[in-house]
Structure formats: structure tokens, C-alpha cells
Amino acid sequence: MQLRAAKEPLRLEDLPIPTPGERQVLIRVSVCAVCRTDLHIVSGELSEPKLPLVIGHMIVGRVEGAGDRAHRFGPGERVGVPWLGSVDETCRFCRRGLENLCVNARFTGYHVDGGYAEYCVADERFCFRLPESYADLHAAPLLCAGLIGYRALRLAGDAQRVGLYGFGDSAHIIAQVARYQGRRVFAFTSPGDTEKQEFARSLGAEWAGDSTSPPPEPLDAALIFAPVGALVPAALKALDPGGIVVCAGIHMSDIPSFSYDLLWMERQIRSVANLTRRDGEELLQIAPKVPVRTEVQPYPLAEANTALDDLAHGRFRGAAVLTVGS
Ligand SMILES: [Zn+2]
Ligand SMILES: [Zn+2]
């Protein structure tokens, strides 16, 4: 499925099988989960995609070929491909262990073709081995929804009372990880979305309610997964002194102005950008121990536009996953 220009639907096209370059593997795609970032690319809110482009960056597939100096995976081996496609390993951020901020980072399904396709190529150094206990369909959402959510949770430090704003693909995974780590989970959904609130409680949230209502007690951290800037002051209001708001999305509507009182008492606001390979390795080790159960809504590859539209309108629970070759 190919994006020709922003704001246009993806088009089903016959594309040649790509040739793996140096350090790249050729992957026959089995499934690819759908991310809110994909929506932001299609709608033009992320302004620098390669065009035409195959989007998709939660790819599970099997290695079918290898380029020069690519020896990490054998033929037929299952791999996962995340958003971080490659880095330069030399810039000031890479040298400090912050490869997620690399000035020359290339992202899967944005700068390079991704997984809404039968085949893709990926730099083997950025691919993950996946826990065997997960079928392809259920492993895919771990690769961005899970990873970014995990990084957001990690940046919340030792927060005990964690609020999750927007109970979609990321939050439904991270609620389970947070509970496993002994934290308390409070889930916030769009006002009146009692079905998602019930879903959150079934995954260990001790309270679930509307994003407009206060939690029953102050929070130590609020992780915002919905792309709604108005949630930032709302989440700040829910924080105990010293608490932190972590914005996990790549794009958000403008944040309305708010009184300094909300930030006072050492409350913090920060964002989470991309992922490091360490985040991925950590989450993929923890997930089978929890064990994280991913709820998926499968769609055939050709129905990618429907999947994106359903995501935009919150029409399913958990994560949408495109089935390609499985
Ligand atoms: Zn993503
Ligand atoms: Zn770098």
C-alpha cells in the first residue's frame, strides 16, 4: 500500500521486491501493526516523509535474504522491525546513549519504506528477535505501541500512581507492565467511553474514568498517549507535587495556556521521542514474563485505509494489525 501524497488514501500498487543493501536483510512481511504515527504521516502532520512511501513500522516477518555484511539473522528467522530504522552512531546524541535523538536518524515507514507491503528491507542492527511465546499477530503491537509506551513509563521514574491518558494500543500494553512492576494504574478515556474504561479495568487499572474528571487521588505520573494538547493542563492538575507529565505521541494539538500554579511544586512536563534499541530489548524481555497480552484487531493489507480510519475514530480495542503473509 503506497502513499503518493499527504491527505490521499493509500493505494494498492504492485511494487518490485526491494534489494537489501549493506547490513540490510530482506524480510517477507507477515503482519504490520498500525500506529497513530501512520495517521499523522498520511494526514500531513509529519511533514518530511519520503514520497512515494510505504508506511508501517511495527513489522513482523521472516528473513529471506541478506545484503553485504549482514550476518546477524539466518534464512527464515523471525524478526521485528521498529520505527528506529538507523542512526549514524557518531553524533553528539548517539555518543551519549541517546540514539533516539540522533540527528541523522532514519525512521521506518517515513524515511525508508516500511511494512504495509509483502516485502521490506531493514538494517539488521535495528531488528529485534521476538519472544517465541508470541504469535506474529500478537507480537507486532509490542514494536511501537509497546516500545514507546515502555520508554514513557521508564521516564516516569519510580512513580507509583500512574495515570494513562488515552487507552489505546500503547496504554493497554503499558497498563499490564506497570501492574507487573507493582505500580497502581489509573486510566482516562474520552468522556463517556465506558467500553474502554471497562477494558482498562480488565487489564488491572484500579480506576477508569473520563479525561475531564479528576482521579480519586493525586498521581505521581501521567502518560499522555492521546494527541490532544488540552490533556496536558488536565493531567498537570491531577499530579501530586513532584509529579511528571510524559507526552508520548509524535504529534499533539496545541497546548492551551495554563496557570503557573499547575506546574509549581516541581511538577514537570516532558516528551518522549522515538526509541533506543535498549528500550526494545528491555520490553521484549519483560513482555513474556508479565505476560503482556495484546488485544488485536486484524485487517487484510488491502483494508489499510479502513484500519487507519477506524484508528482515527477509536472504533476498536487494543491495536489494529494488517495481515499480509500470515
Ligand atoms: Zn509508532
Ligand atoms: Zn547519531
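Counting aromatic pairs in this predicted model gives a total of seven. One of them joins Trp-83 and Phe-107, whose ring centres lie 4.7 Å apart and whose planes meet at 10°, so the pair is stacked, the cut-off for that label being an angle under 30 degrees. Trp-83 sits in the loop between strand S3 (78–81) and S4, whereas Phe-107 belongs to strand S5, so the stacked rings tie together parts of the chain that are 24 residues apart in sequence. Both Trp-83 and Phe-107 are buried, and together with Tyr-110 they form one aromatic cluster.

The loop that runs between strand S4 (84–86) and strand S5 (106–107) contains Glu-89, and the numbering leads from there to the metal site. The zinc ion (ligand 2) is coordinated by an OD atom of Asp-88 and by the SG atoms of Cys-91, Cys-94 and Cys-102, at 2.1 to 2.3 Å. Along the chain, these donors follow the spacing D-x2-C-x2-C-x7-C. What arrangement do the four donor atoms make around the zinc ion (ligand 2)? The angles they subtend run from 95 to 118°, and the arrangement is therefore tetrahedral, since all of these angles fall between the limits of 85 and 135 degrees. For reference, the ideal angle for four tetrahedral donors is 109.5 degrees. Two of the coordinating residues can also be described by their accessibility: Asp-88 has a relative accessibility of 24% and so counts as partly exposed, while Cys-91, with a relative accessible area of 8%, is buried.

Glu-89 forms a salt bridge with Arg-277, the closest N and O atoms being 3.1 Å apart. This pair links distant parts of the chain, with Glu-89 in the loop between S4 and S5 and Arg-277 in helix H7 (residues 277–286), 188 residues apart. At 45% relative accessibility, Glu-89 counts as partly exposed, whereas Arg-277 is among the buried residues of H7, a list that also holds Asp-279, Gly-280, Leu-283, Leu-284 and Ile-286. The buried residues of this helix pack against helix H3 (145–155) and helix H4 (169–180).

The Glu-89 bridge belongs to a wider set, for the structure holds 26 salt bridges. Another of these joins Glu-295 and Arg-317, with the closest N and O atoms 3.0 Å apart. Glu-295 lies in the loop between H7 and strand S13 (296–300), and Arg-317 in the loop between helix H8 (304–312) and strand S14 (319–323), so this bridge ties together parts that are 22 residues apart in sequence. Arg-317 is partly exposed, with a relative accessible area of 29%. Arg-11 and Glu-13 also form a salt bridge, with their closest N and O atoms 3.8 Å apart; Arg-11, at 37% relative accessibility, counts as partly exposed, and Glu-13, with a relative accessible area of 30%, is partly exposed too. Beyond such pairs, Arg-161, Arg-184, Glu-206, Glu-217, Asp-220 and Asp-240 are linked in a network of salt bridges.

The nonpolar interior remains to be described. The largest nonpolar core has 98 residues, and those with the most contacts inside it are Leu-10, Tyr-116, Leu-164, Phe-167 and Leu-223. Leaving aside residues up to four places away in sequence, Leu-223 touches nine listed partners, including Ala-152, Leu-153, Ala-156, Val-162, Leu-164, Ile-174 and Val-246. Apart from this core lies another, of 17 residues, among them Phe-186, Leu-219, Ala-222 and Leu-239.

Terms used: Residues are numbered from 1 along each chain as its sequence is written. Chains are lettered from A and ligands numbered from 1 in the order in which they are written. This is a predicted model: local features need pLDDT of at least 70, side-chain atom pairs count only at pLDDT 80 or more; totals for chains, interfaces and linings use all residues. Side-chain values use heavy atoms; hydrogens and water are left out. A nonpolar core is a set of buried Ala, Val, Leu, Ile, Met, Phe, Trp, Tyr and Cys residues joined through side-chain atoms within 4.5 Å. Buried means under 20% relative accessible area, exposed over 50%, partly exposed in between (1.4 Å probe, protein chains only). Contact means heavy atoms within 4.5 Å. Donors are N, O and S atoms within 2.8 Å of the metal (3.2 Å for Na, K and Ca); water is not among the atoms, so sites may look incomplete. Four donors count as tetrahedral if all angles lie between 85 and 135 degrees; four count as square planar and six as octahedral if opposite donors are over 155 degrees apart and all others between 65 and 115; anything else is irregular. A salt bridge is a side-chain nitrogen of Lys or Arg within 4 Å of a carboxyl oxygen of Asp or Glu. Helices (H or I, at least four residues) and strands (E, at least two) are DSSP runs, numbered from the N terminus. Rings of Phe, Tyr and Trp (its six-membered ring) pair if their centres lie within 6.5 Å; planes under 30 degrees apart count as stacked, over 60 as edge-to-face and the rest as tilted.
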